[in-house]
Amino acid sequence: MSGTSFFILRSHERGYDKIMSQMLPSGAHAVPVHSTYLAGHPDASLIRHSSFNFHEYQNGIDGFGKIKVFGDEIFSPNGCGYNMHPHHNFIIMAFILQGTLTHINTAGKEGVVDMLKPGDYYIFSTGAGGKHSELNISPDESLHVIYVWLMPDKLYGTPSYLRSHFDPKTQPNKIVPLISNETSDALPVEQDFKVSRLASDNNKSYVYKPASKFHGMYFFVIEGALEIEKNNLEKRDSIGMHGFEEVNFHVKADKTDILILETIM
Amino acid sequence: MKKYMCLGCGFSYDEKLGLPDHGIAPGTKWEDIPDDWRCPDCGTKKSLFELVTIPY
């Protein structure tokens with residue numbers, strides 16, 4: 001097929017950042033520096049693997065279509081997280097893989113205090129302005145989340161917060177839309193964008209059809225393995241593809257779990 | 001319409017409006033804002049703003 005392109009991003013090739021609540025700079029007169037945006041006790045740490053992030057912030061790839069950030073983050077227990085901070089315009093999504101995310105935000109008339117468990121996900125459209133804080137208040141369990149930031153087409157809209165749940169047990173071996181304007185089963189989004197998830201047994205084949213060949217697709221392997229367009233992907237590997245009318249892929253491990261993002265380019 | 005958008009938080013700068021609350025007069029061109037200027041909301045550097053064109 002002509003006019004197609006793709007890139008593969010291996011797990012270890014992603015941007016890596018470890019942020020400490022309290023940094024200890026080297027040198028004879030070193031004084032601990034307390035991070036203002038990271039919550040938690042001094043040893044709290046946040047580990048971020050970024051497929052896409054901002055320019056020099058990390059060495060990940062600089063966005064894909066409307067996706068500006070795609071990151072896989074681990075928050076240590078005991079209150080680690082992001083202190084209350086402002087946003088405008090970006091549409092922020094989080095997909096919980098492990099642990100519990102306590103999410104406090106300013107959407108709606110009264111704001112929201114939400115606790116999200118594995119399989120839960122939210123979409124927070126920050127529009128004209130919103131603030132939020134995201135914390136792992138568990139005493140002993142790390143929190144593992146995938147974050148996605150999307151650029152909206154319309155700026156300064158009304159902020160909104162929606163959340164839902166994906167259960168791999170009730171919907172196995174099926175590409176399930178989580179965020180999409182095509183079905184009322186999924187959460188809507190103010191962008192030409194879609195997120196689907198697949199929890200699959202080994203040795204199954206699938207076809208993914210984007211809305212058009214002008215839509216890019218980004219496949220991220222949360223767990224397991226798959227073969228896609230003659231490329232083998234393993235845990236936390238990913239592939240971005242563009243110009244395809246459809247894509248065939250084959251699952252090559254039990255308990256394979258993948259996230260598929262589709263964006264107008 | 002063109003705006004300069006902070007990639008750290010989504011804050012945006014419009015040359016026509018300036019940021020009078022932060023000492024930048026309406027009509028100030030982006031290139032006339034000092035290089036060490038930072039996003040008033042999140043502290044992101046000026047170099048990490050991106051020009052966005054919006055259709056309205």
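## A walk through chains A and B

Start by selecting residues 215–223 and 256–264 of chain A: strands β19 and β24 pair in the antiparallel sense over 8 bridges. Strands here are DSSP runs of E with at least two residues, helices are H or I runs of at least four, and both are numbered from the N terminus; two strands pair if DSSP finds at least two bridges between them.

Before moving on, note that this is a predicted model, where local features need pLDDT of at least 70 and side-chain atom pairs count only at pLDDT 80 or more, while totals for chains, interfaces and linings use all residues. Residues are numbered from 1 along each chain as its sequence is written, and chains are lettered from A and ligands numbered from 1 in the order in which they are written.

Stay on β19(A) and show V221(A): its bridge partner in β24(A) is I258(A). Now add residues 238–242 of chain A, which form β22; this strand pairs with β19(A) in the antiparallel sense over 4 bridges. Here Y218(A) stands opposite G240(A). β19(A) is mostly covered, with 7 of its 9 residues buried. Buried means that 20 or more other C-beta atoms lie within 10 Å of the residue's own; 12 or fewer makes it exposed, anything in between partly exposed, with C-beta atoms placed from the backbone.

Next, pick F219(A). Leaving aside neighbours within four places in sequence, F219(A) is in contact with I228(A), S238(A), I239(A), I258(A) and I260(A), contact being C-beta atoms, placed from the backbone, within 7 Å. F219(A) also belongs to the largest nonpolar core, which has 58 residues; among the members that touch the most others are I67(A), M93(A), F219(A) and I258(A). Such a core is a set of buried Ala, Val, Leu, Ile, Met, Phe, Trp, Tyr and Cys residues joined through C-beta atoms within 7 Å. Strand β14 (residues 143–150) of chain A gives the most to this core, 6 residues. A second, separate core of 9 residues includes F54(A) together with M5(B), C9(B) and Y13(B).

Now colour the open sheet of 7 strands in chain A, which runs β2-β6-β7-β14-β9-β12-β15 with antiparallel pairing. At the edges stand β2 (15–20) and β15 (160–165), each with a single partner strand, so one side of each has no neighbour in the sheet. For one pair inside the sheet, select β6 (residues 45–52) and β7 (residues 67–75) of chain A, joined in the antiparallel sense over 6 bridges. There, I47(A) stands opposite I74(A) in β7(A).

A short detour: V33(A), in strand β4 (residues 33–34) of chain A. Is V33(A) buried or exposed? V33(A) counts as exposed because there are 11 C-beta neighbours inside 10 Å. Also select Q22(A): the C-alpha atoms of V33(A) and Q22(A) are separated by 5.6 Å, though the two are 11 residues apart along the chain.

Over to chain B, which has 0 helices and 3 strands. Its C-alpha atoms fill a box of roughly 30 × 25 × 20 Å along the principal axes. Buried residues make up 21% of its 56 residues.

Last stop, the interface: 11 residues of chain A are in contact with 11 residues of chain B. On the chain A side, the largest share, 3 residues, comes from strand β8 (residues 80–87).

How values were computed:
Contact = placed C-beta atoms within 7 Å.
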